[in-house]
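User: I am in my first year and would like a close look at a single part of this structure, namely one helix and the sheet it belongs with. Could you take me through it slowly and in a connected way?

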Amino acid sequence: MAEAGSRLILAFDFGTRRIGVAVGNELLASARELEPLPARDGIPDWAQVARLVDEWRPDLFVVGLPLNMDGSESVMSTRARKFGKRLYGRYGIPCEMVDERGSTREAKSIAREAGHRGNYREQGVDGIAAVLILEGWFARHEGLPPR
């Protein structure tokens, strides 16, 4: 396990149909999106998750926590927490939950600027949202204000 400051991190944007994935290097504070994981009612194909873990060998998982705008828990935040606990339970890799309020809206804005036509069911922005979640985690650990 790498020490804090030089860890490889897998980040997830939890969703019921798709789970966005990003990988990042803490030393460089850089993140890039990976192919999203299809999910069935929030449950991924765990064999696909295992392949990601085997390929990237992360030191930490970061999972976006979709809180309500007032900071209270939502049904989706409860489900995202459960997903984070399952990641930890299956792989023994620490998992941090991160407030992701606004990440999907920001991801859609980024996608539109890049020419996205607006059919988010067909072409999701889950990977972009996962990158934003991880970049927010990096910023907080560098002492920067959240975006």
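Analyst: What follows looks at one helix, then at the strands beside it and the sheet as a whole.

The model is a predicted one, and the part to look at is helix H2, which covers residues 75–91. Together with strand S5 and strand S6, helix H2 makes a right-handed β-α-β unit. The two strands of this unit, S5 at residues 60–65 and S6 at residues 95–99, pair in the parallel sense over five bridges. Within that pairing, valine 62 stands opposite glutamate 96 in S6. In general, strands of a sheet pair through backbone hydrogen bonds, and the pairing can be parallel or antiparallel.

How does the length of H2 compare with what its 17 residues should span? At 1.5 Å a residue the expected span is 24 Å, and the end C-alpha atoms of H2 are 25 Å apart, which agrees. Along H2, the residues Ser77, Ala80, Phe83, Gly84 and Leu87 are buried. Seen down the axis of H2, these buried residues fall within an arc of 115°, so they line one face of the helix. The face turned away from that buried side carries Val75, Lys85 and Gly89, which are exposed; a residue is called exposed when its relative accessible area is over 50%, and buried when it is under 20%.

What do the buried residues of H2 pack against? Their partners are strands S1 (8–13), S2 (18–25) and S4 (43–44), helix H1 (46–56), and also S5 and S6, the two strands of the β-α-β unit. Just after H2, glycine 92 takes a positive phi of about 65°.

Now the wider setting. The sheet is an open one of six strands in the order S4-S3-S2-S1-S5-S6, and its pairing is mixed. S4 and S6 stand at the edges with a single partner strand each, so one side of each is left without a neighbour in the sheet. Helix H4, residues 126–141, packs on the sheet and touches S1, S2, S3, S5 and S6, with its direction making about 40° with that of S2. Helix H1, for its part, lies across S1, S2, S3 (30–40), S4 and S5, and runs at about 160° to S3.

Elsewhere in the sheet, S2 and S3 pair in the antiparallel sense over seven bridges, and glycine 24 has alanine 31 in S3 as its bridge partner. These two strands form a hairpin with four residues between them, and in the turn alanine 29 has a positive phi of about 50°. S3 and S4 also run antiparallel, joined by two bridges, with alanine 39 opposite proline 44 in S4. Their hairpin has two residues between the strands, and here aspartate 41 takes a positive phi near 55°.

To return to the picture of H2, its buried residues line one face, while the face turned away from them carries the exposed residues Val75, Lys85 and Gly89.

Methods:
Residues numbered from 1 in each chain as written. Predicted model: local features only at pLDDT ≥ 70, side-chain atom pairs only at ≥ 80, totals over all residues. Heavy atoms only, no water. Pairing = 2+ DSSP bridges. Right-handed = clockwise from strand over helix to strand, strands pointing away. Expected span 1.5 Å × (residues − 1). Buried < 20%, exposed > 50% of the residue type's maximum accessible area, 1.4 Å probe, protein only. Arc of directions from axis to C-beta. Contact = heavy atoms within 4.5 Å. Axes fitted to C-alpha atoms, helices over the stretch in contact; angles between N-to-C directions.
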